[in-house]
Amino acid sequence: MNRARLIFCTTAFLSIVAPLWSQDLEKSRYVIGGYITEPPQTLIKKFSPLFETYLTETVGRSYSPNISFELIPVDYTATTTSEILFNAGLVDFIYTHPTKLVCLEASSGFATIATQRSEILGKEAGGYGGTIFALESNPNVQSVYDIRNKRVGVAHFLASGGFSLPYKMLKDVYNIDIFTETRQLIFY
């Protein structure tokens, strides 16, 4: 029986991102554009208590005058993406899926400012993650750095846990670009 050795693992959660440049400090209401894979009404039902009520009552009261937060759904159509609404001044923050987070950070200068973490029975749950593993019998792959010049199989390009997050971590933390530094990159 072939056994595998874990080489690399990453986890991320749904996150709030904001641009690296400063927000308008004169505003009293901030809009969070939210995207989840469920229908827009589910987003509002599930996350309004957190983003509208909780943030307004906790963060909002620490400003003078007080500020408030509003959650609106965004999607990936040609006119209502979070980036389009942000660039039009209609959205101040974006709550999004980890796959989109990687794209926003790379293309639009956004940075994560908060991360959602869920607990079930007192244990953290609800994250996305990815792994790199190799056959234990393969002496040529003992660490993450050994994937250079090797054949590497990855999940679909848009899979957050299977591709986007591990790709970003490999590039940012380990300085490995799997597009240019592997012998072959295979998408499953």
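Modeller: Of the 188 residues in this chain, 36% count as buried, and the model we are looking at is a predicted one. The chain has five helices and eleven strands, and its accessible surface comes to about 11,300 Å², with 55% of that belonging to carbon and sulfur atoms.

Biologist: What makes Asp-177 a buried residue?

Modeller: Asp-177 has a relative accessible area of 14%, and a residue is called buried when this value is under 20%, so Asp-177 is buried.

Biologist: Where is Asp-177 placed, and which residues is Asp-177 in contact with once its neighbours within four places in sequence are left aside?

Modeller: Asp-177 sits in the loop between helix 4, residues 160-173, and helix 5, residues 178-181. With those sequence neighbours left aside, Asp-177 is in contact with Tyr-167, Lys-171 and Thr-182. The side chain of Asp-177 also reaches the backbone nitrogen of Phe-179 at 2.9 Å.

Biologist: Why is the pair of Asp-177 and Lys-171 called a polar contact?

Modeller: The side chains of Asp-177 and Lys-171 are joined at 3.4 Å, and the cut-off for a pair of N or O atoms is 3.5 Å, so this pair counts as a polar contact.

Biologist: What makes the side chains of Lys-27 and Asp-92 a salt bridge?

Modeller: Side chains of opposite charge can pair when their charged atoms come close. Between Lys-27 and Asp-92 the distance from N to O is 2.6 Å, and a salt bridge asks for a lysine or arginine nitrogen within 4 Å of a carboxyl oxygen, so the pair qualifies. Lys-27 belongs to the loop between strand 2 and strand 3, whereas Asp-92 belongs to the loop between helix 2 and strand 5, and the two are 65 residues apart.

Biologist: How do you know that Lys-27 is partly exposed, and why is Asp-92 called buried?

Modeller: The relative accessibility of Lys-27 is 23%, and the partly exposed class runs between the 20% and 50% limits, so Lys-27 is placed in that class. Asp-92 has a relative accessibility of 6%, which is under 20%, so Asp-92 counts as buried.

Biologist: How many salt bridges does the structure hold, and what makes the pair of Glu-70 and Arg-29 one of them?

Modeller: The structure holds four salt bridges. In the pair of Glu-70 and Arg-29, the closest N and O atoms are 2.4 Å apart, which lies within the limit of 4 Å. This pair links strand 4, where Glu-70 lies, to strand 3, where Arg-29 lies, and the two residues are 41 positions apart. Glu-70 counts as partly exposed at 28%, and Arg-29 is partly exposed at 41%.

Biologist: Why can we say that Glu-181 and Arg-148 tie together parts of the chain?

Modeller: The side chains of these two residues, Glu-181 and Arg-148, meet in a salt bridge of 2.5 Å, N to O. Glu-181 lies in helix 5 and Arg-148 in the loop between strand 9 and strand 10, so the pair ties together parts that are 33 residues apart in sequence.

Biologist: How many aromatic pairs are there, and why is the pair of Tyr-30 and Phe-93 called tilted?

Modeller: There are seven aromatic pairs in the structure. The ring centres of Tyr-30 and Phe-93 are 6.1 Å apart, with 50 degrees between the planes; stacked planes are under 30 degrees apart and edge-to-face planes over 60, so this pair is tilted. Tyr-30 lies in strand 3 and Phe-93 in strand 5, so the pair ties together parts that are 63 residues apart in sequence. Both Tyr-30 and Phe-93 are buried, and ring pairs link these two with Phe-69 into a cluster.

Biologist: What makes the pair of Tyr-145 and Tyr-174 edge-to-face?

Modeller: The angle between the planes of Tyr-145 and Tyr-174 is 75 degrees, at 5.5 Å centre to centre, and an angle over 60 degrees counts as edge-to-face. Tyr-145 is partly exposed at 43% relative accessibility, and Tyr-174 is partly exposed at 25%.

Biologist: What is the average pLDDT of the chain, and over which residues does pLDDT stay under 50?

Modeller: The chain averages a pLDDT of 75, and 66% of the residues score at least 70. Over residues 1-14 the pLDDT stays under 50.

Key:
Residues numbered from 1 in each chain as written. Predicted model: local features only at pLDDT ≥ 70, side-chain atom pairs only at ≥ 80, totals over all residues. Heavy atoms only, no water. Buried < 20%, exposed > 50% of the residue type's maximum accessible area, 1.4 Å probe, protein only. Polar contact = N/O pair within 3.5 Å; in protein donor to acceptor, adjacent residues only side chain to side chain. Contact = heavy atoms within 4.5 Å. Phe/Tyr/Trp six-rings, centres within 6.5 Å; stacked < 30°, edge-to-face > 60°. Areas by Shrake-Rupley, 256 points an atom, 1.4 Å probe, with all protein chains shown as cover. pLDDT = per-residue confidence, 0-100.
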